[in-house]
Amino acid sequence: MQKNTWVLFDLDGTLTRSEEGIWNCARYALERMDRPVPDNETLRKFIGPPLVWSFRNLCGMTEEEALEAQRIYRERYNTVGLLENRVYPGIRNALCRLRKAGAHLGVVTGKPAAPTGRILEHFGLDRFFGKVLCATDNKADKEQMIRAALPEDAAEAWMVGDRKYDMEGGRRAGIHTLGVTYGYGSEAELLEAGAEKLAGSPREIADILCPEAGEVPGAFLSMEGLDGSGKGTQLERLADTLDRYGFEVIRTREPGGTPIGEKIREILLDRENAAMTDETEALLYAAARAQLVREVIRPAVRSGRVILCDRFVDSSAAYQGGGRQMGIEKILEINRPAVDGTMPDLTVYLEIGHRKALERRCAASEPDRLEMEAENFHARVEEGYHRLMEMDPDRFAAVNAEGDREAIAAEIAEKVLARLLEAEH
Ligand code: TMP
């Protein structure tokens with residue numbers, strides 16, 4: 001990539017997937033005006049062109065009616081609609097790679113400045129972009145905006161977008177064009193409008209524009225807690241939040257996460273294996289982990305993905321080290337070759353008293369072999385986790401898991417996002 005290269009991105013359909021908010025607001029405006037709501041196919045066409053055009057041409061309104069519909073639409077859009085939005089998974093990493101290659105980044109969008117600013121800020125994308133050009137007075141001439149975004153001395157420039165407006169604007173402004181086929185325009189539309197290159201995913205944008213820059217690593221996150229801490233639900237919620245923010249999330253679990261690891265899991269959780277010695281158990285967990293680290297975690301993190309792991313070595317330290325009284329240090333020692341230095345960047349610990357956790361477990365399902373262990377076993381596991389947090393306080397984010405699910409999910413999201421977004425800059 002040449003020095004002083006600029007890469008300009010369209011927003012809707014290229015950086016973010018805004019359909020949920022756009023459709024909800026279009027529906028809201030039509031319902032408020034007592035107009036029939038068109039089918040989804042027609043609603044889809046609202047993405048891209050100016051609103052007034054859409055209300056006139058897709059819903060048969062007069063200019064005046066369309067202006068009124070736009071006013072009502074914006075009323076909802078500017079408060080809730082604009083955040084009913086998702087950053088395409090992989091966008092963050094692609095931006096990091098482009099920036100690493102030395103590119104200057106910008107946004108050129110048909111959206112007005114206020115919602116654009118709020119969306120970029122909400123998702124922590126604003127810090128990537130040196131220039132943000134938005135529509136003014138409902139006018140969105142992409143060619144003009146592209147010209148305005150680029151400095152005189154730009155050596156090379158690309159317009160990246162998902163609709164013909166982006167490709168045509170780029171061509172008229174005399175810059176290169178890259179069409180993304182994961183957005184709202186079809187491949188045919190993009191090619192017809194003169195797209196020079198096509199990318200099928202955010203990752204491909206960086207592969208095409210800066211193949212020499214190499215990968216920017218992602219992150220390794222784990223979640224820990226006693227059985228009954230609500231870990232399953234919270235993992236689900238966190239994965240969705242990270243996906244919404246444009247991280248490429250890979251969920252995995254321990255013991256398991258690989259074909260070999262899943263077989264080891266069956267042996268470990270089988271109620272019939274009552275004769276299993278503590279040492280065998282600890283070594284089997286370590287064996288499954290050795291496989292997961294090499295087969296899944298390392299390759300994913302190296303290629304920019306975010307690994308979200310349901311339990312990791314802390315579980316062994318707490319359950320086998322604390323619960324089975326084998327000693328935390330001994331368990332960490334056994335696991336040293338398995339983990340081989342690959343530790344989570346952040347571990348969320350769901351804090352719940354062992355008695356409360358037991359109550360929840362009994363209400364949920366029939367317990368498996370480990371879940372049937374005596375109450376003081378779980379008391380020792382809880383104590384083990386507390387020791388681990390004291391040993392490595394920076395790695396852990398403890399969250400009180402006894403309260404309301406929504407509030408817990410929000411606190412976890414806040415803590416994890418703070419860490420991940422900080423690491424990007
Ligand atoms: P899960 O129900 O959260 O998937 O966990 C399976 C059980 O395995 C749970 O009771 C905790 C236990 N376990 C250990 O004892 N040591 C370990 O290293 C791991 C990963 C899990």
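Author: In what follows, a helix is a DSSP run of H or I with at least four residues and a strand is a run of E with at least two, both numbered from the N terminus. The model is a predicted one.

Reader: Where is P255 found, and between which elements?

Author: P255 is found in the loop that lies between β10 (249-253) and α12 (259-269). A cis peptide bond joins E254 to this P255, with omega at about -15°.

Reader: What makes N4 stand out in its phi, and where is N4 found?

Author: N4 has a positive phi of about 60° although it is not a glycine. This residue is found in the segment before β1 (5-9).

Reader: How do you know that D227, K231 and R311 make polar contacts with the ligand?

Author: The cut-off is a pair of N or O atoms within 3.5 Å. An oxygen atom of the ligand is 2.8 Å from an N or O atom in the side chain of D227, and for the side chain of K231 the distance is 2.8 Å as well. For R311, an N or O atom of the side chain is 2.7 Å from an oxygen atom of the ligand. Each value falls within 3.5 Å, and therefore each pair counts as a polar contact. The protein covers 92% of the 480 Å² of accessible area that the ligand has on its own.

Reader: Which residues come nearest to the ligand, and which elements give two or more residues to the shell around it?

Author: Of the 13 residues around the ligand, those that come nearest are D227, K231, R311, S316 and Q320. The elements giving two or more residues to the shell are α13 (278-302) and α14 (313-323), and α14 supplies the largest share, 4 residues. By kind, the residues of the shell divide into 4 nonpolar, 3 polar and 6 charged.

Reader: Why is α11 called oblique to α18?

Author: Helix α11 (residues 231-244) and helix α18 (residues 405-423) pack at an angle of about 50°, with their axes 10 Å apart. An angle of about 50° is not under 35 degrees, not over 145 and not in the range 65 to 115, and so α11 counts as oblique to α18. The crossing of these two helices, α11 and α18, is right-handed.

Reader: What makes α16 and α17 oblique to each other?

Author: Helix α16 (residues 354-364) packs against helix α17 (residues 375-391) at an angle of about 125°, and their axes are 9 Å apart. Since roughly perpendicular ends at 115 degrees and roughly antiparallel needs an angle over 145, about 125° leaves α16 and α17 oblique. α16 passes α17 in a right-handed crossing.

Reader: How do you know that α1 and α4 are oblique to each other?

Author: Helix α1 (residues 19-32) and helix α4 (residues 63-77) pack at an angle of about 130°, with axes 8 Å apart. That angle is outside 65 to 115 degrees and is not over 145, and therefore α1 and α4 are oblique to each other. The crossing in which α1 passes α4 is right-handed.

Key:
Residues are numbered from 1 along each chain as its sequence is written. This is a predicted model: local features need pLDDT of at least 70, side-chain atom pairs count only at pLDDT 80 or more; totals for chains, interfaces and linings use all residues. Side-chain values use heavy atoms; hydrogens and water are left out. A residue is near a molecule or strand if one of its heavy atoms lies within 4 Å of it. A polar contact is a pair of N or O atoms within 3.5 Å; within protein, one must be able to donate a hydrogen and the other to accept it, and residues adjacent in sequence count only if both atoms are side-chain atoms. Accessible areas come from the Shrake-Rupley method with a 1.4 Å probe; for residues, only the protein chains shown count as cover. Ala, Val, Leu, Ile, Met, Phe, Trp, Tyr, Cys and Pro count as nonpolar, Asp, Glu, Lys and Arg as charged, and the others, Gly among them, as polar. Axes are lines fitted to C-alpha atoms, for helices over the stretch in contact, and angles run from 0 to 180 degrees between N-to-C directions. A crossing is left-handed if the near helix is turned anticlockwise from the far one by less than a right angle, and right-handed if clockwise.
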